[in-house]
Amino acid sequence: MALISVDDLSLAYGDHTVIENLSFQVNSGDFLVMIGENGAGKTTVVRALLGELKPRRGEISRANHLKIGYVPQFRNLPANYPLAVRDFVALNLTQSRWPWLKKTEQHRLDRIIRKTNLTTIEDRPLGLASGGEKQRAYLAQALVDDPQLLILDESTASLDNEMKYDLLDFVAKFQQNGLSVLFITHDWDLAKRYGTRYLQLLPDGSYQSGPINELPSDEEVRNV
Ligand SMILES: Nc1ncnc2c1ncn2[C@@H]1O[C@H](COP(=O)(O)OP(=O)(O)OP(=O)(O)O)[C@@H](O)[C@H]1O
C-alpha cells in the first residue's frame, strides 16, 4: 500500500529549479533510501513531503490520516539545554497537556524510552547526553506518537560508524515491526546495509529508483 505517492513533481526556490518530473512512492514496509550528492535536492523533497514547500508542478498524495515522524538533519542543542531526555521525548505526544501526562501517554513514553535504550539516562538533561544518545532521543521523540512513516534526514552525518550502525539498528528493528522508513543520506554503505529500495537524485536533476541491490556504486555514479 502506498503511504505517499509523488507524481511528476517539480520543486523550485524562485527561479532556481531543484527537482523536475520526479515520481516515486513510499510503500508500507519500505526502508526507502533517498540518496544523492550534496545539493541534489534531498532535503527539498522532504520539505515538500512534509507540506512545508509548495510544489511548482505535480502532486503529492498521502494515505488518509498518515502520521509522519521526522528527525531533521541538524539540531543545535546547547550543552545547557535544560529539558531532561524524557521530557524532550514527551514534547511530541500530540494528546499531551505537558507536563501532565495521562496514564496511557506515560506508558507510551516508557515504552519508547525502553525501546531506544534511554532508560538509564531519561532524567539527565539532554544537553549533557552524548552524540549517539542525543540521536536516539531525537528518534524516540519522532516515534513516541506512533507514526506509520519515519523520515530520517541525514541523522547519522555527525556520528562515527559504530554509532551510525547502532542508531540504524534501532530503526531497522522498528521497521521489522511494521514502521515504514524514508532515510535520506549520501552514504552508500548505509544505503546498502539497511535499505530495501532506493531513490537516487542525480546531479543533472534526473533520478533513478529500484530495489537496493540495483543501486549503482558511488564510483559508477561519479563516472557517468
Ligand atoms: N531556502 C532555499 N532557498 C534557495 N535555495 C535553496 C534553499 N534551500 C536549498 N536551496 C538550494 O536547493 C538545492 C538543493 O538543496 P537541498 O538542501 O535540498 O540538497 P540536499 O540534497 O539535501 O543537500 P545536502 O546533502 O547537502 O543536505 C541547493 O542548490 C541549495 O542551495
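**A first look at the model**

Trainee: Is N117 buried, partly exposed or exposed?
Mentor: A residue counts as buried with 20 or more other C-beta atoms within 10 Å of its own, exposed with 12 or fewer, and partly exposed in between; C-beta atoms are placed from the backbone. N117 has 14 such neighbours. That count falls between the two cut-offs, so N117 is partly exposed.

Trainee: From which number are the residues counted along each chain?
Mentor: We're looking at a predicted model, where local features need pLDDT of at least 70, side-chain atom pairs count only at pLDDT 80 or more, and totals for chains, interfaces and linings use all residues. Residues follow each chain as its sequence is written, numbered from 1.

Trainee: Which two helices lie on either side of the loop that holds N117?
Mentor: Helices (H or I, at least four residues) and strands (E, at least two) are DSSP runs, numbered from the N terminus. N117 has a positive phi near 60°, though it isn't a glycine. Its loop runs between helix 3 (103–115) and helix 4 (131–143).

Trainee: What is the phi of H65, roughly?
Mentor: H65 sits in the loop between strand 4 (57–62) and strand 5 (68–71). H65 is exposed, because just 6 other C-beta atoms lie within 10 Å. Although H65 is no glycine, its phi is positive, at about 55°.

Trainee: How far apart are the C-alpha centres of domain 1 and domain 2?
Mentor: An automatic or database assignment sets the domain bounds, giving domain 1 (1–66 + 148–224) and domain 2 (78–146). From centre to centre, the distance is 26 Å.

Trainee: Which element gives the most residues to the shell around the ligand?
Mentor: A residue is near the ligand if its C-beta atom, placed from the backbone, lies within 6 Å of it. The shell includes Y13, N38, K42 and H186. Strand 2 (16–27) and helix 1 (42–49) each give two or more residues. With three residues, the top contributor is helix 1.

Trainee: What is the strand order in the open sheet of three strands?
Mentor: Strands pair if DSSP finds at least two bridges between them. Strand 1 (residues 2–13) and strand 2 run antiparallel and are joined by eight bridges, with V6 opposite F24. Strand 2 and strand 4 are the edge strands, as each pairs on one side only. Read across the sheet, the order is 2-1-4.
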